[in-house]
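Please read the points below with the model open beside you. They are notes on a single protein chain, written for someone new to reading structures.

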Amino acid sequence: MELTAILKDKLNAGDNVVALHEGVLLQGWSPKAHRLLALVERNSSYGLFVFTTSRNPPQAFTDLTINFVVPIDSDFKCDIDSLSAESSSDIYINISARNFKLFMGMNSGSETNHFFTELSKSMDLYLKNQQKLDFNWLKKYSINDIDLELGLMMTINNGDIATNNLKTTVNMAVSENDLSFPSGTHTLSSRESVIQRQMLLSEEQYTNAKNFSIYIGTWNVNGQPTLSSLNDWLTSDSEPPDIYAIGFQELDLSKEAFLFNDSPREEEWLQAVTKSLNSIGHYRKVSLVRLVGMMLIVFVKKKHMEHVKNVATDTVGTGIMGKLGNKGGVAVRMDFHNTSLCFVNSHLAAHVEEFERRNQDYYNICSRMVFSNFTPPKTIKDHNQVYWFGDLNYRITEMDPISVKDLVSKNNFKTVLEADQLKQQHRAGNVFKGYKEGSINFIPTYKYDPGTNDWDSSEKNRAPAWCDRILWRGNSIKQLAYRSHPNLMISDHKPVSALFESEVKVVDTIKYRKIHENIMKKLDKAENEYLPQVMVDNTEIIFNMVQFMEPQMKELTVANTGQVPVQFEFIKKLDDSTYCKEWLRIEPFMSFIDPGEKCDITLEVLVDKRSAYKMNSGQDKLYDILVLHLDGGKDIFITVTGTYERSCFGCSLETLCYLKVPIRDIPIGKLMELENNKSNLISDPYPVPKEVWYLVDHLYRHGLKQEHLFEQSGLRVEFIQIRNWLDNGTPDALPGSVHSVAEALLILLDSTSEPIIPYNLHAACLSAVSNYSQCKQIISQLPERSKNVFLYLCAFLQELLSHVNDNNLDVKTIASVFGEIFIRDPPRSRSDKSSHTKTSMSRKKTNFVYHFLVNDQSDLIIGT
């Protein structure tokens, strides 16, 4: 009996077989299984039917079982790719639709061409007639979806699962495999990871969506002591929320907090918040994290605590050189039931004109906020829901203060918001991509005369602005309220809050156990039958000319062409301590790939202060061999190469003093000889490097009266310009703002192989901090060039501090910044110290440098 006739018997009356074709299932944990695809039409609407056959070829309609029926509508997609140049007779078919993904192989030929021609026509007809089409006839078919092979291919549409189509290329390198199956197919950890991955793919089958309320609050308190009650802010809703996330900025403006992250205000505000939570809710604190004046506290109702897991925190300072925490962000992440939540409280750069610096702060927080107690580490983007809030500091531009106040007084917020920097930057795609913000129907939250609801009456007469904002990212989140709380008047900012109804995935334990058991059985079978197989699209990664502090990225694609999920990981080579060199970052460095899926891996090269001096001296070069390990399979070797353009950043002070011309004019061999003390030095060196002199001289002439010098970070683009100016030599004026020049000076001093005070004298420095005479004795022992630079910089800093009436700088702050530069920790010791030890050492470094900023150095200079 002809196959079309057999199919006709299987279908309902009036449903017509347009085309059919057989293919091989390339996805799943079973042997490559045959599937029959049929394109069926009724009243000009089309559906794709997927059949399994009990006999091949089928002899009767009872041999056919419908696995799935997919309408040819707007969600339907079909991609076709050749397997390789050498096997052009085989093609990959990637069919995807709503909650469905099918990956098959077919032989090319006239029948295949006919099937996909008809399929393409059906897709075109849908686009022309979509308003008239009815797909209800497809619902009449009984579907047998017990087939786990196909069930495992169904994808869940949420933020954690990538559903990229597999694209193969002719230069893919195939992992070799033998016919025998290796012993120890999965380690315990990889087996558990496989199970977790498959459970995630099946998540919709064992979870139910439930709504929870989340309250977000943010307030810049301007260093003020706490109020006795915060009820007007925290209990403004009658129903108690399930979760509170409360963020503060400028909690403490004291120098003690700024320099050493130590503040009694933390406990004061924690108690005030705890007392002011909705009393009906009965809350428990999940976590508290603070960096200088930024503090974030997360509470949940007591009854929910058992469903809160995997809590982690991190902080990022975006002050100068990314160290000072006067600006930056703090974050708390947690798993609530089966949904991952991340709360980010940030305080971005100030001043009306600095929107680019605010954008830069945002990206710094995104890239550096890492929850490292997970493997692989999680970042902000790796969460189902993200709530980002704080004093984002975006202002109103192109509108004078009087006009803003007049429009606000008339509740004409729409006109003012057109000039809002955050709205402008968000629309342009420059910041907060993928985030949403609710409608703003409250007056600006900044700037007020403290203690009043009156706009700023100071000499600066700042225009009102919505500095304090709440944004979110994720599916199934509904904002119920977005408001300010003007009755709280102790600060120059008003607190802001938002209430959300957020959908959370709650586990049905009975269904979970059943699905878990099925996956375990399937995995047991797969482990005993199949080898992992992948294709890698490039095993030689070549980077272009790499320059100091300018990252470059390349992508590597790994595709799973086998029958089982593959766990891969970059592993360290024999005698190496890490899987890649310090100038290379791989994201992700380990992951899972389901059959028929791919993983795009980003390789980023960045030569920074940790690695630049090794490049200049020849200790290292841009060359590495990566080992991509397949669990239960073979290793794939990938080479990474590039050329580094040497810079004055990363040179020793001694070498820089001998460079009479720009470094780009020095042959590489000569530079290496200088760095390794193998050069026959004839010419007299400069007392201090010319690069240090250029930067200090610029600051002397243009920055002595600049506020926040050596506190506020510069712009990355300006740093690149300054670096090029120093490396190339040019008659043009030194580019960049004084803040960027100041940061460039610190980076230059921080990138040398040895700090100005060599590592072997650090213990002596920290022991001598209470005795100025001993401190001077240590400085007198420094190598000549190091001593010259130290005294030269201290003389400049003393001059800078003589202008405190103009620049408002503080000697302790400057001593703290330069203490970390002059007495830089050895690389291996930086992550080994406790928080208390780090604070104690920072105080001692500050005290050491403080001596040389407040005392006369003439006796040391005369003695040189």
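**Notes on the model**

1. P588 sits in the loop between strand 26 (584-587) and strand 27 (590-593). The peptide bond that runs from E587 to P588 is cis, and its omega is near -5°. Keep in mind while reading that this is a predicted model.

2. A second cis peptide bond to look at joins Y446 and K447, with omega about 5°. K447 belongs to the loop between helix 12 and strand 19 (468-473). These bonds deserve a look because most peptide bonds are trans.

3. Two backbone angles also deserve a look, because most residues other than glycine have a negative phi. V292 is a residue other than glycine, yet its phi is positive, near 55°. The loop that holds V292 lies between strand 11 (283-291) and strand 12 (294-301). V292 has a relative accessible area of 6%, and since buried means under 20%, V292 is buried.

4. The other angle is that of N393, which is not a glycine but has a positive phi of about 70°. N393 is placed in the loop between strand 18 and helix 10 (401-409). Is N393 buried or exposed? Its relative accessibility is 3%, so N393 counts as buried.

5. Now the chain as a whole. The protein chain contains 26 helices and 30 strands. It has 864 residues, and buried residues make up 55% of them. Among contacts with a separation of 6 or more, 72% are between residues 24 or more positions apart.

6. The second largest pocket holds about 1200 Å³ of space. Its lining is made of 41 residues, and those closest to its centre are E250, K327, A350, H351 and H708. Helix 7 (255-260) and helix 9 (355-368) are the elements that give two or more residues to this lining.

7. What kinds of residue line the second largest pocket? The lining divides into 10 nonpolar, 17 polar and 14 charged residues. Where does the second largest pocket lie? Domain 3 (213-503) gives residues to the lining and so does domain 5 (685-862), so the pocket lies between these two domains.

8. Helix 9 can be checked by its length. Its 14 residues should span 20 Å at 1.5 Å a residue, where the expected span uses one less than the number of residues. The C-alpha atoms at the ends of helix 9 are 20 Å apart, which agrees.

9. Helix 9 also has a buried side to consider. R357, R358, N359, Q360, D361, Y362 and I365 are its buried residues. The buried residues of helix 9 pack against several strands, namely strand 13 (308-317), strand 14 (328-336), strand 15 (339-347) and strand 18 (385-391). They also pack against helix 12 (421-427) and helix 18 (716-728).

10. The length check can be repeated on helix 19 (residues 738-750). For its 13 residues the expected span is 18 Å, and the end C-alpha atoms are 18 Å apart, which agrees. Helix 19 is mostly covered, with 13 of its 13 residues buried.

11. C765 is part of helix 20 (residues 762-767). With a relative accessible area of 0%, C765 is buried. Which residues does C765 touch, apart from those up to four places away in sequence? They are I757, I778, I823 and F848. C765 and F848 are 83 residues apart along the chain, while their C-alpha atoms are separated by 7.0 Å.

12. S816 lies in helix 24 (residues 811-822). Its relative accessibility is 8%, so S816 counts as buried. Neighbours within four places in sequence aside, S816 is in contact with L259 and T846.

13. Q857 is found in the loop between helix 25 (835-854) and helix 26 (858-862). Q857 counts as buried because its relative accessibility is 5%. Not counting residues up to four places away in sequence, Q857 touches Y772, Q798, H851 and F852. The C-alpha atoms of Q857 and K776 are separated by 8.9 Å, and these residues are 81 residues apart along the chain.

Notes:
Residues numbered from 1 in each chain as written. Predicted model: local features only at pLDDT ≥ 70, side-chain atom pairs only at ≥ 80, totals over all residues. Heavy atoms only, no water. 1 Å grid on protein atoms, 1.4 Å probe; cavity = no way out; pocket = protein on both sides within 12 Å on 5 of 7 lines; lining within 4 Å. Points joined across faces, edges and corners; volume = space filled by probe spheres on them. Helix = DSSP H or I, 4+ residues; strand = E, 2+ residues; numbered from the N terminus. Nonpolar A, V, L, I, M, F, W, Y, C, P; charged D, E, K, R; others polar. Domains from an automatic or database assignment. Buried < 20%, exposed > 50% of the residue type's maximum accessible area, 1.4 Å probe, protein only. Contact = heavy atoms within 4.5 Å.
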